[in-house]
Amino acid sequence: MSNCKICEQQIQPFLEFGKMPRANAYLDKDGFANEQFFELGVGFCEQCKLVQLLNTIPPEKMFHDDYAFLSSTSRYMEQHFASLAEDIIATHINDPASAFVVEIGSNDGIMLQHFAKHQINHLGIEPSKNVADIAISKGLTIWNDFFAESTAKQVCHEYGQADIICAANVIGHIEDLRSVGQGLDLLLKPDGLFIFEHPYLVDNIQKNAFDQIYDEHIYYFSLLSVQAIFPRYGLEVVDVKWQSVHGGSMRYTLARQGVHPVATAVSERLAREQQLGLDQLSIYQEFALQAQQIKRELLELLTTLKQAGHRIVGYGATAKSSTVLNFCGIGPDTIDYISDVTPCKQGRFSPGMHIPIKPYSDFCNDDHQYTLLFAWNHTEEILTKEQTYNQRGGRWIVFVPHVNVFDML
Ligand code: SAH
Ligand code: TYD
């Protein structure tokens with residue numbers, strides 16, 4: 001039995017996948033024999049309402065000098081972060097010449113570059129050296145380190161406190177939220193703002209997105225749980241805004257208690273989450289049943305297509321695909337290869353199931369009829385981009401919110 005990482009109450013497991021590989025650990029053939037697996041499962045804390053992994057692996061094993069996820073592989077995400085940065089500058093930065101912005105998990109600089117463009121003093125904290133180096137090559141100021149209380153102390157010492165601390169798709173990756181909270185408390189100016197985005201638990205549940213569950217995603221936030229965590233460190237949620245990215249995300253804006261007015265969106269969103277039953281174990285148990293149902297239906301569909309002699313190609317070697325493939329036991333006998341634009345994934349094999357990952361040009365030059373869309377969170381961008389495939393009647397297979405096959409003719 002696991003205890004909640006925040007309030008230490010016993011948590012209720014609701015979905016256990018068994019042994020899984022690390023989701024972003026793409027391998028060469030010589031790595032197959034020593035591949036590492038861990039028990040993947042999620043549980044719900046009835047006390048603080050936080051959904052979380054039952055077992056975790058050390059951060060250094062996930063975030064290192066060969067981290068496979070590059071933020072700037074999606075044009076839509078580039079636009080999203082440009083507009084988030086511009087919005088922060090227009091709304092919250094009175095004097096760009098004296099402002100200081102810190103980003104936690106800045107990856108290849110997808111967001112921070114927009115603050116730099118406005119000559120705003122900035123610092124990215126990014127532990128994965130290969131992606132930090134890309135941001136540095138863009139002229140950005142980056143510390144290649146994990147954000148924690150100790151890092152915050154050093155930043156304060158060298159730069160002083162921050163007006164804005166932002167973080168996208170990273171706070172749920174950091175197990176020690178106590179250290180994050182204390183770091184924020186040290187680093188944030190008295191009237192500063194902490195703005196973070198994360199895939200939203202309500203969307204995960206409503207879209208049956210069980211593939212969002214993997215080693216790096218330690219926490220699955222709702223407003224209910226965010227409100228249970230951050231007041232421990234003197235921060236309150238002053239605004240929330242839903243975002244369409246990553247299959248549905250929430251942008252949480254936090255400030256020191258009592259300093260900024262609280263938008264009505266906060267109480268409205270909280271009421272909605274309670275009405276949906278996000279504070280009850282039963283909604284998560286139902287989600288687990290849906291995951292099993294999707295597994296059955298997807299396997300049935302793929303088996304039928306293979307029996308009819310079709311070739312199937314995967315689109316996007318996402319971390320999420322590791323969960324789907326390993327949970328369902330889908331390997332290279334079913335999926336010929338997965339196409340991905342990320343250079344460091346190409347020529348390697350998917351974790352656990354060892355499906356080859358090939359460059360995007362292979363997809364463009366192929367004549368296959370079926371594509372399994374692993375990067376479903378980028379559906380709009382991909383369907384717009386794949387006019388040639390669509391026009392030749394290529395069919396798309398999706399598995400969230402339900403298994404479905406469609407074409408664009
Ligand atoms: N913010 C980017 C990247 C998200 S991926 C985006 O939204 O696209 C998560 C990133 O967080 C990775 O680059 C990873 O190296 C980084 N990360 C993981 N743990 C971290 C920590 N403790 N402090 C700062 N960054 C961290
Ligand atoms: P993403 O779904 O953003 O995240 P995660 O790995 O956390 O699940 O990953 C998208 C992957 O799909 C990434 O490896 C880049 C790839 N990709 C393409 O190959 N082509 C595209 O057009 C897009 C948008 C993404």
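A residue counts as near a molecule or strand if one of its heavy atoms lies within 4 Å of it. With that in hand, select ligand 1: of the 19 residues around the ligand, S71, E126, S128, F147 and N169 come nearest.

Before going on, some housekeeping. You have a predicted model open, where local features need pLDDT of at least 70, side-chain atom pairs count only at pLDDT 80 or more, and totals for chains, interfaces and linings use all residues. Residues are numbered from 1 along each chain as its sequence is written, chains are lettered from A and ligands numbered from 1 in the order in which they are written, and side-chain values use heavy atoms, leaving out hydrogens and water.

**Stop 1: ligand 1**

Show N107, whose side chain has an N or O atom 3.0 Å from an oxygen atom of ligand 1. Now add F147: one of its polar backbone atoms is 2.8 Å from a nitrogen atom of the ligand. A168 also puts a backbone N or O atom 2.8 Å from a nitrogen atom of ligand 1. On its own, ligand 1 has 580 Å² of accessible area, and the protein covers 97% of that (Shrake-Rupley method, 1.4 Å probe).

**Stop 2: N24**

Next, pick N24, in the loop between β1 and β2 (strands are DSSP runs of E, at least two residues; helices are runs of H or I, at least four; both are numbered from the N terminus). Is N24 buried or exposed? Buried, with a relative accessible area of 12% (buried means under 20%, exposed over 50%, partly exposed in between, with a 1.4 Å probe and protein chains only). Its side chain makes a polar contact with the side chain of E216, at 2.8 Å (a pair of N or O atoms within 3.5 Å; within protein, one must be able to donate a hydrogen and the other to accept it, and residues adjacent in sequence count only if both atoms are side-chain atoms). Leaving aside residues up to four places away in sequence, N24 touches Y67, A68, F69, E216, A319 and K345 (contact is heavy atoms within 4.5 Å).

**Stop 3: helix α11**

One of those partners, A319, is among the buried residues of α11. Select residues 319–328: 10 of the 10 residues of this helix are buried, so α11 is largely enclosed by the rest of the structure. The cover over its buried residues includes β1 (12–21), β2 (37–44), α10 and β13. Step one further to G329, which follows α11 and has a positive phi, near 70°.
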